[in-house]
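Subject: Structure handover and notes

Hello,

Please find the structure below, followed by notes on what was found in it.

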Amino acid sequence: VCTENGLNRYDGYNFQVYTSADGLCSDNVNCVAQDSKNNLYIGTVSGMSVLTNNRIHPVFHEGSNDQTVFDAYVTCFCTAPDGALYFGTSGRGIWKVTGERTAKKMYDNIDGILFAQKMAFDRNGTLWVVTNINGIFAINGNHARKYNISETINHANIVVDGNDDIYIGIINGGVYKADRSRRGFKLIPSTANVPVTALMLRKDHNLLVGTNGSGLKLLDTRTG
């Protein structure tokens, strides 16, 4: 569990709390993700750490001669189809975990993605990036396509379901779905006035929709 006072780990009986005293870059933890080797990567407001064999280590810039510690505000993680772990930052763009304790900056040639708020890969390997103010980007290799649902929209989250359909949650109100040709996004009418703060995909491919003040809602993706 990510908190402002460390990472809380529940073993079925008790919580163990990891803080900066244990090696975290900061007590303020934003997000976590586990890789294929069961290493747990911990994104904080002041960098990223990795928990392996019950010990916490800092993550460094790949290739840095002085082993520069990665010290950016980490916002989110996502896993590529090949199992590689990527993470977004606030102001430092998108990075890829390249070793147990190293990360590499990606997509330097693409403008507008320094503030990556949420990310997800589709089954074709396209990386979908929700930014705080620059809209949505679909990145494939060195090429990117930008989408703007609205100039005043505050995007909250993105989910790609088992049918490769893409959903964007909007804090200003609504869940938007990408058309199959990936030309744009359309509002799901039943969500028009719902202030969305989070999306989570269920095993039945329906969406749990977290809201600001309206509780938890279930969206049937087949009927809308």
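Two strands count as paired if DSSP finds at least two bridges between them. Helices (H or I, at least four residues) and strands (E, at least two) are DSSP runs, numbered from the N terminus. This is a predicted model, in which local features need pLDDT of at least 70 and side-chain atom pairs count only at pLDDT 80 or more, while totals for chains, interfaces and linings use all residues. Residues are numbered from 1 along each chain as its sequence is written, and side-chain values use heavy atoms, with hydrogens and water left out.

Strands and turns

Strands E21 and E22 run antiparallel and are joined by 5 bridges. Val-196 has Thr-211 in E22 as its bridge partner. The two strands, E21 and E22, form a hairpin with 5 residues between them. E21 covers 196-201 and E22 covers 207-211, and His-205 is in the loop between them. His-205 has a positive phi of about 75° although it is not a glycine. With a relative accessible area of 32%, His-205 is partly exposed (buried means under 20% relative accessible area, exposed over 50%, partly exposed in between, with a 1.4 Å probe and protein chains only).

Asn-54 also has a positive phi, near 65°, and is a residue other than glycine. Asn-54 sits in the loop between strand E6 (47-52) and strand E7 (55-58), and is partly exposed at 48% relative accessibility.

At the start of the numbering, 3 strands make an open antiparallel sheet in the order E1-E2-E3. Strands E1 (2-3) and E3 (15-18) are the edges, each pairing on one side only. Between E1 and E2 (residues 6-10) there are 2 bridges, and Cys-2 stands opposite Leu-7 in E2. Asn-8 lies in E2 and is buried at 18% relative accessibility. Contact here means heavy atoms within 4.5 Å. Leaving aside neighbours within four places in sequence, Asn-8 is in contact with Val-1, Thr-3, Phe-15, Gln-16 and Val-17.

Nonpolar cores

A nonpolar core is a set of buried Ala, Val, Leu, Ile, Met, Phe, Trp, Tyr and Cys residues joined through side-chain atoms within 4.5 Å. The largest has 17 residues; Tyr-86, Ile-94, Tyr-107, Met-119, Leu-127, Val-129 and Ile-139 touch the most other members. Strands E9 (74-79), E13 (116-121), E14 (127-131) and E15 (136-140) each supply at least two residues of this core, and E13 gives the most, with 3 residues. Apart from this core lies another of 15 residues, among them Phe-70, Phe-77, Leu-85 and Ala-103.

Leu-85 belongs to strand E10 (residues 85-89) and is buried, with a relative accessible area of 4%. Not counting neighbours within four places in sequence, the contacts of Leu-85 include Ala-33, Tyr-41, Phe-77 and Trp-95. The C-alpha atoms of Leu-85 and Phe-185 are separated by 26 Å, with their positions 100 residues apart along the chain.

Salt bridges

A salt bridge is a side-chain nitrogen of Lys or Arg within 4 Å of a carboxyl oxygen of Asp or Glu. By this rule the count is 9 salt bridges.

Arg-92 forms one with Asp-71, the closest N and O atoms being 3.1 Å apart. Arg-92 is in the loop between E10 and strand E11 (94-99) and Asp-71 in the loop between strand E8 (60-61) and E9, so the pair ties together parts that are 21 residues apart in sequence. Arg-92 is partly exposed at 28%, and Asp-71 is partly exposed at 48%.

Arg-182 and Asp-164 meet in a salt bridge of 3.3 Å, N to O. This pair links parts of the chain 18 residues apart: Arg-182 lies in the loop between E19 and E20, and Asp-164 in the loop between strand E17 (155-160) and strand E18 (166-170). Arg-182 is buried at 14%, as is Asp-164 at 6%. The side chain of Arg-182 also reaches the backbone oxygen of Asp-164 at 2.8 Å. Asp-122, Asp-164 and Arg-182 are linked in a network of salt bridges.

Asp-204 and Arg-202 form a salt bridge at 2.6 Å, N to O. Asp-204 is partly exposed at 38%, and Arg-202 is partly exposed at 34%.

Regards

Notes. A polar contact is a pair of N or O atoms within 3.5 Å; within protein, one must be able to donate a hydrogen and the other to accept it, and residues adjacent in sequence count only if both atoms are side-chain atoms.
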